[in-house]
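The following exercises practise the reading of a protein model. Please attempt each task before turning to its solution.

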Amino acid sequence: MATIVKILHPTSAPLKMSENLYAAPLSSLDDHKLSYLDDRFLVVSPRKLLVMSFATAGLYLFHWTFKNWALHRDATGDNVWPLPRTIFCVFYTHSLLRHIANHDTSGHRRAWDSDSYATALVLVMLANYALSWTGQGSRIISGLAFLMLIPTTLLTKQVQIEINARCGDPEGSSNDSITGANIGWIVVGAVFWLFALIGLMIPPYVE
């Protein structure tokens, strides 16, 4: 738990460029930043990731994992199957985050302790699986299982910040808007949340 708390509140942050009063140099810097944008991994703004994760009850995180593996495969030619690595993500989280740590389009990123984030994510996922399995018939334990979405999403947000910076779009501005497809998934997530809340409110059936 100490590891999870530590990495959710990192003590250091990437260096930011100071503001310039002259428009021309800013324009030049922006052009330079855009020159090394790439799609080795999924770039998305932290705001959008938080909205999509919570609105879809975590379903978006499966898309996030699949998309990162698919983009990595397409960019590198590695013989990986994104779908199995998404379904069994608990076994491949360390591998994915190490690939992210080894990539840096700008060439100016500090070393990133990807294993700590991966270990924290795996621990949270295992806790969620355990609570979901043992919580059948218990509203309290089932509720705790749903709450595990909070640390899972916050940890993924920290990973996303690193992805964005390493792919040349620190703010994730190239993928910040909510699309029609996103709205469709939000509707599916709303239905899922509705049934989940109904299940938590109905007393368990006892013969």
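The term pLDDT denotes the predictor's confidence in each residue, from 0 to 100. This is a predicted model, in which local features need pLDDT of at least 70 and side-chain atom pairs count only at pLDDT 80 or more, while totals for chains, interfaces and linings use all residues. Residues are numbered from 1 along each chain as its sequence is written, and side-chain values use heavy atoms, with hydrogens and water left out.

**Exercise 1.** State over which residues pLDDT stays under 50.

*Solution.* Begin with the whole protein: its mean pLDDT is 82, and 78% of its residues reach 70 or more. Next, locate the stretch in question, which is residues 11-35. For this stretch the model has nine contacts (heavy atoms within 4.5 Å) beyond four places in sequence. Where pLDDT is low, the predicted coordinates should not be read in detail.

**Exercise 2.** Determine how many helices and strands the protein has.

*Solution.* Helices (H or I, at least four residues) and strands (E, at least two) are DSSP runs, numbered from the N terminus. Counting these runs gives 10 helices and zero strands.

**Exercise 3.** Decide whether N68 is buried or exposed, and describe its surroundings.

*Solution.* First, recall the classes: buried means under 20% relative accessible area, exposed over 50%, and partly exposed in between (1.4 Å probe, protein chains only). N68, in helix α4 (residues 59-76), is buried because its relative accessible area is 0%. Second, consider its partners: beyond its neighbours within four places in sequence, N68 is in contact with residues including R40, L96 and I163. Third, its side chain reaches the backbone oxygen of W64 at 2.9 Å.

**Exercise 4.** Find which residue has its backbone oxygen 2.6 Å from a polar atom of the side chain of R47.

*Solution.* R47 is located in helix α3, which spans residues 46-55. With 45% relative accessibility, R47 counts as partly exposed. The backbone oxygen belongs to D176. As a further step, compare positions: R47 and S177 lie 130 residues apart in sequence, and their C-alpha atoms are 9.5 Å apart in space.

**Exercise 5.** Identify which helix gives the most to the nonpolar patch.

*Solution.* The patch covers about 1000 Å², and V51, I178 and F195 are among its residues. V51 lies in helix α3 and, at 36% relative accessibility, is partly exposed. The greatest share comes from helix α10 (residues 180-201), with eight residues.

Conventions
Patches are made of residues with over 30% relative accessible area and no salt bridge: like charges are joined within 9 Å, nonpolar side chains (Val, Leu, Ile, Met, Phe, Trp, Tyr) within 5 Å. Accessible areas come from the Shrake-Rupley method with a 1.4 Å probe; for residues, only the protein chains shown count as cover. A salt bridge is a side-chain nitrogen of Lys or Arg within 4 Å of a carboxyl oxygen of Asp or Glu. A polar contact is a pair of N or O atoms within 3.5 Å; within protein, one must be able to donate a hydrogen and the other to accept it, and residues adjacent in sequence count only if both atoms are side-chain atoms.
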